[in-house]
Every structure is written in C-alpha cells, then in structure tokens.
Amino acid sequence: MKVHVVSKEIIKPSKQTPPHLRNFKLSFLDQLLPPFYFPVVVFYSANDGHESNNNDQRSKANILKKSLSETLTRYYPIAGRVRDNIFVECNDQGVDYIEAKVNAVMFDFMNVDVVHQLHPSYIVFDDVAKEAQLAVQVNLFNCGGIAISVCLSHKIADGSAQMTFLNSWAATAGLAPDKQIVYPTFDSAAIFPALPPGVHVSSLESDDSLQGKNVVTKQFLFSASKITALRARIATESRSSNILSKHPTRTEAVSALVWKSFMETSRVQVSREFALSTAGEKPIIRSKANFAVNLRTRLNPPLPQPSFGNIMMYATAESTVIDHDENTLGFAEPLHGFISQLRLGVSKINDMNTYGNYKKVMLSS
C-alpha cells in the first residue's frame, strides 16, 4: 500500500515539568515489563464522505499536535527518558511525531495484514523501544479520514493506562466531545516499591524463550450476533451442571472458544504422533492460558482507573484433557468448563490483596 512519510518531529509538553516532579520512580511492576512498544490504531472517518479537503485535514493535524503537547503536560513521564530501570527522568525531551499521506481509502487498511504500515516503521522492525517512550504516526487518507497510530512503551504503562491517555488526548483535541479530560494519578510506585539498584530483576526482558521463533498474527472476526448466540448457548449448557454462577461475558465466551479450538488442534497432532510411536495409555493434553488482568479494581483498597503505570499481572488458567479416542474430533470438555478455569485463574489474583503476595508471585513466575 502507499504510505508516504511527509514529516517527522518531536512534540514536547506545552509546559515545563516542575523540578520536584523531574524524577518519576518506576514501580516494581514497571521494572518487570520489557521496553517494547505496543501499538494501537484509532480510525476517524471523514465527516462528509467526500474527497479530502486538504485545509480541513491540515487543521485537524495541527489540533492533534497542539492537544498532544497539552496532554503530555498532564502525562509528563511519557515525555521523559527511562534511566537504569529505576526511574524516568522527566526532562521534557518529548515524543516522536510522524505525519504520513496515504494514497488509498481507509477501508483498505482495516486488515491485520496491512495495518502495520500505519505504524512508524521502526516500531514494526525493532524489538525494543527507542529512547522516546511514545511514538505517534498520524496518517492522512485521500478519502479525508485520519488514522492515528499510538505506540507507547510497555516499560512505563499498561494497556489500561494507554487507553486512559488516549481518551484524555481525544477529549483535549475535541475528538471525543462526550468525554471529560482525564487527569492521571501516580500512585503505583508507592504501592509497588521498586527493587533497589543492584538487585537483579528477573523480568520478561530476559525471557529469550521466543528468540528466533516465528510469531504469526491472525485476525478473527466475531460479529456481535454470533457472540450473543455463543454466550446464550454456553449459559444454557452450564445450567444443568451449575458450574457458572453468572452469565459469561463476551470476553470469556470468545476466550473459551479460542482456547478450546487450540486444544483440539493440539489434540489431533498429539494423537497422530502417539499413534506413530507406541501403544499404551492414552496421551494427556495439558494447556495453560495466560492473560493480563487489570489490578486497579482488585487491590484493597482499589486504585482509581486513571492510575498511571503497569498495574497488572498475568493470571493463569489450566486445562487437562485425556485423549480417550483419537478417532473422534472435539473434546467432551464443554466451553463453560474452560470459562470456569478462566475465572479460577482470576480468583487467585483477587485473593492476593496485599503487595507482598503480588511481589512473591511475580518474582517466582
């Protein structure tokens, strides 16, 4: 596709960060997370549906830059630089801001196979974040639409914090008139104190289990009607067993379906390998599902939603299936059984309402 970068610059906070806020302490959870960008693309279609109005697009791009600068004043650690995995030097060095013209219509890029072209190129090709904690690429389409790629370093923020930042920026720019400007709180380091300098942090940065592996990304589209039907089916099937105490959420229903599908695929492969090797007991298929859980509402007392930083940990759900008949397709394990395991994994996090318990689990994982 035809994406042409037309400008690159640094956007700094509209006001200088006060001296007493210059050293922003990382939390223990921040220390554990790797310094890679996780990109989000937000699409805004043209209001009139006609050909691009260059003056209108230029005006919107200027508003985006100005409002980003104002938003960085509130989210001042994003404009700083991480030092020694201990703190962020909030020196107002700014964030990377790129504008690009796209010689295509927006719909052409709403596909996982090409959407990466809307991100800054170094986000796609590099594994670790550059010095800038945030990179933004504003893509201006011929159709008049705008797609904004927001790539924030995981070292200083999780997905929830990124969405809070996005909502605050959108409200400041007037792109979300129904939302109020959100002011973050910075309390993570007080609740999860960082390890002192010199103490080894066994983080995901040192996990080289995926080094050299090919990672494949796929996009699956689930319509709202299909998800509604899936939830209803799971609820009906679970009534007889009384396993689920409440109706499955959309996330639970889809997660259970994907997890079971992966296990069925593994089952077929394991059964074939087992048949070619030796006879005996049927193979046992074990699977673990790891998923990020927002801790803000699970702490005691809970933290406000705009709390900035990495305030999350991974919950683990496990499933074990004995392959009784390699000639059959599909598991006897129902979907509500997988949802029960997902909820069990989350419940273990809910029970750990003290910092010491979280720290013990994170260090041992």
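Tyr 75 counts as buried, because its relative accessibility is 1%, and buried means under 20% relative accessible area. The model in which this residue is described is predicted.

**Aromatic pairs**

Phe 308 likewise counts as buried, at 2% relative accessibility. A search of the whole structure finds eleven aromatic pairs. One of them is formed by Phe 24 and Tyr 76: the ring centres lie 6.5 Å apart and the planes stand at 90°, so the pair is edge-to-face. This contact links distant parts of the chain, since Phe 24 belongs to strand β2 (residues 23–25) and Tyr 76 to the loop between α2 (54–74) and β4 (81–83), with their positions 52 residues apart. Both Phe 24 and Tyr 76 are buried.

Tyr 75 and Phe 308 also pair edge-to-face, because their ring planes meet at 65°, and an angle over 60 degrees places a pair in that class. Here too distant parts of the chain are linked: Tyr 75 is in the loop between α2 and β4, while Phe 308 is in the loop between β9 (284–294) and β10 (312–322), 233 residues apart. The two pairs are set out below.

| Ring pair | Centre distance | Plane angle |
|---|---|---|
| Phe 24 and Tyr 76 | 6.5 Å | 90° |
| Tyr 75 and Phe 308 | 6.1 Å | 65° |

The four residues of these pairs are members of one aromatic cluster, which is formed by Phe 24, Tyr 75, Tyr 76, Phe 165, Trp 169, Phe 186 and Phe 308.

**Charged residues of helix α2**

The charged end of Arg 74 is placed over the ring of Tyr 183, at 5.4 Å from the ring centre. Lys 66 lies in helix α2. Lys 66 has a relative accessible area of 53% and is therefore exposed, the cut-off for this class being over 50%. Between the C-alpha atoms of Lys 66 and Ser 14 the distance in space is 8.1 Å, although the two residues are 52 residues apart in sequence.

**The sheet containing β2**

Strand β2, which carries Phe 24, takes part in an open sheet of three strands in the order β2-β5-β4, with antiparallel pairing. Strands β2 and β4 are the edge strands, each pairing on one side only. From one strand to the next, the twist averages 35°. Strand β2 is joined to the antiparallel strand β5 (residues 87–89) by three bridges. Within β5, Phe 87 is the bridge partner of Lys 25.

Conventions. Residues numbered from 1 in each chain as written. Predicted model: local features only at pLDDT ≥ 70, side-chain atom pairs only at ≥ 80, totals over all residues. Heavy atoms only, no water. Phe/Tyr/Trp six-rings, centres within 6.5 Å; stacked < 30°, edge-to-face > 60°. Helix = DSSP H or I, 4+ residues; strand = E, 2+ residues; numbered from the N terminus. Buried < 20%, exposed > 50% of the residue type's maximum accessible area, 1.4 Å probe, protein only. Lys NZ or Arg CZ within 6 Å of the ring centre and 35° of its normal. Pairing = 2+ DSSP bridges. Axes fitted to C-alpha atoms, helices over the stretch in contact; angles between N-to-C directions.
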